Amino acid sequence: MNITLKNPLKADCDIPAYSPSGQECALFENAWIRQLPLLLKGPTGCGKTRFIAHMAARLGLPLATVSCHDDLAAADLTGRYLLKGGDTVWVDGPLTRAVREGGICYLDEIVEARKDVAVVLHPLTDDRRLLPLERTGELLEAPRGFMLVVSYNPGYQNLLKTLKPSTRQRFVAIEFDFLPRDREIAVVSGESGLDEARAAPLVDLAHRLRALKGHDLEEGVSTRLIVYCATLIDSGVPLREAVIATMIEPLTDEPDVKAALIEVAEAVIR
């Protein structure tokens, strides 16, 4: 398959910025070339969705993103019959459209979807690359330009919501984590416009709060929230108010925990 990749060193302004932490870009490109499905795993807000948007633009591929949730069923992905003008017509779902037309279909937080979704994905994630549509009787073969990508946050897994080994082992997997301190500072500064000297304490605070994950907090501060905080500060919002609004309030509703986090924040950013 002939492929023209955009040079990341001469990236177009249309390509979302992304700071690689390893060889994930090359791995993605090779997975796409060889028609392999991809699984991204890592904490909330560490860059998984931005990575997909970056790679889709870099490869010049259409991108359909589906945010999975408890009520998401297989029919939401494949399609259903709907009434239009008194007639019953079949309407493709996002997965079916991507299989018909090519491009990337990205299912974000796949473990949140209903169990029947995995049944639909299985024939797409082996050498068959088929999507059976039982309601229409069609059996769609994915084109060479189609790629299935899913993601999940292992930190949220429990006995009721987990990705079965039989599903997980159908994917090439890339693990994501937050960037090292200096690179995260550079990303926060670049995304928000706040200079690196003022962004550094925010990243240091995020590292302190992430260390509390599994104790007082279910999840740590994402890079996304740090960028939000820096953006507010760059817009003139006072430091303390910006930190509370973006790096404290989104993490917990418990008054005691919130007060303890504010104490930690005041010790780091004063």
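# A tour of the predicted model

Of the 270 residues in this protein, 46% count as buried. The model is a predicted one. Show the whole chain as a cartoon to begin: the protein has 11 helices and nine strands. Its C-alpha trace spans about 65 × 45 × 40 Å along the principal axes. Switch to a surface view, and about 14200 Å² is exposed, 50% of it supplied by carbon and sulfur atoms. If you draw the contacts between residues at least 6 apart in sequence, 69% of them join residues at least 24 apart.

**Stop 1: helix H1**

Select residues 24-33, which form helix H1. Which residues of H1 are buried? They are Glu24, Cys25, Phe28, Glu29, Ala31 and Trp32. Around the helix axis these residues cover an arc of only 165 degrees, so they sit on the same side of H1. An α-helix has 3.6 residues a turn, so residues three or four places apart point the same way.

Now add the elements that the buried residues of H1 pack against: strand E1 (38-41), H2, E5, strand E8 (146-152) and strand E9 (172-175).

**Stop 2: either side of H1**

Step back along the chain to Gly22, in the segment before H1. Gly22 is partly exposed, because its relative accessible area is 41%, and partly exposed covers the range between 20% and 50%. Select Pro180 as well and draw a line between the two C-alpha atoms: Gly22 and Pro180 are 158 residues apart in sequence and 12 Å apart in space.

Then move to the other end of H1 and select Gln35, in the loop between H1 and E1. Gln35 takes a positive phi of about 60 degrees, although it is not a glycine. Is Gln35 buried or exposed? Its relative accessible area is 19%, and the limit for buried is under 20%, so Gln35 counts as buried.

**Stop 3: His54 in helix H2**

Select His54, which is found in helix H2. With a relative accessible area of 8%, His54 is buried. What does His54 touch, leaving out residues up to four places away in sequence? Its contacts are Ile15, Pro16, Ala17, Tyr18 and Cys25. Cys25 was also among the buried residues of H1.

**Stop 4: the largest pocket**

Next, select Gly45, Cys46, Gly47, Arg50 and Thr223; of the 24 residues that line the largest pocket, these lie nearest its centre. The elements giving two or more residues to this lining are helix H2 (48-59), strand E5 (103-108), helix H7 (181-192) and helix H9 (223-234). Colour H9 separately: it gives the most to the lining, with four residues. The volume of the largest pocket is about 590 Å³. Coloured by class, its lining divides into 10 nonpolar, seven polar and seven charged residues.

**Stop 5: two loops**

Select Glu109, in the loop between E5 and helix H5 (116-121). Like Gln35, which has a positive phi of about 60 degrees, Glu109 has a positive phi, here about 55 degrees, although it is not a glycine. Glu109 counts as buried, because its relative accessibility is 16%.

Go on to Thr162, in the loop between E8 and helix H6 (165-168). At 41% relative accessibility, Thr162 counts as partly exposed. Add Leu179, which is 17 residues from Thr162 along the chain; the C-alpha atoms of the two are separated by 26 Å.

**Stop 6: the largest cavity**

Finish at the cavity. The structure holds one cavity of 30 Å³ or more, and about 30 Å³ of space lies in the largest cavity. Which residues line it? Select Arg240, Val243, Ile244, Ile262, Ala265, Glu266 and Ile269 to see the lining.

Helix H10 (239-248) and helix H11 (255-269) each supply at least two of these residues. H11 gives the most, with four. By class, the lining of the largest cavity has five nonpolar and two charged residues, and no polar ones.

How values were computed
Residues are numbered from 1 along each chain as its sequence is written. This is a predicted model: local features need pLDDT of at least 70, side-chain atom pairs count only at pLDDT 80 or more; totals for chains, interfaces and linings use all residues. Side-chain values use heavy atoms; hydrogens and water are left out. On a 1 Å grid over the protein atoms alone, a cavity is a set of points where a 1.4 Å probe fits but cannot get out, and a pocket is an open set with protein on both sides within 12 Å along at least five of seven lines; lining residues have an atom within 4 Å of a point. Grid points are joined across faces, edges and corners, and a volume is the space filled by probe spheres set on the points. Ala, Val, Leu, Ile, Met, Phe, Trp, Tyr, Cys and Pro count as nonpolar, Asp, Glu, Lys and Arg as charged, and the others, Gly among them, as polar. Buried means under 20% relative accessible area, exposed over 50%, partly exposed in between (1.4 Å probe, protein chains only). Contact means heavy atoms within 4.5 Å. Accessible areas come from the Shrake-Rupley method with a 1.4 Å probe; for residues, only the protein chains shown count as cover. The arc is that of the directions from the helix axis to the C-beta atoms.
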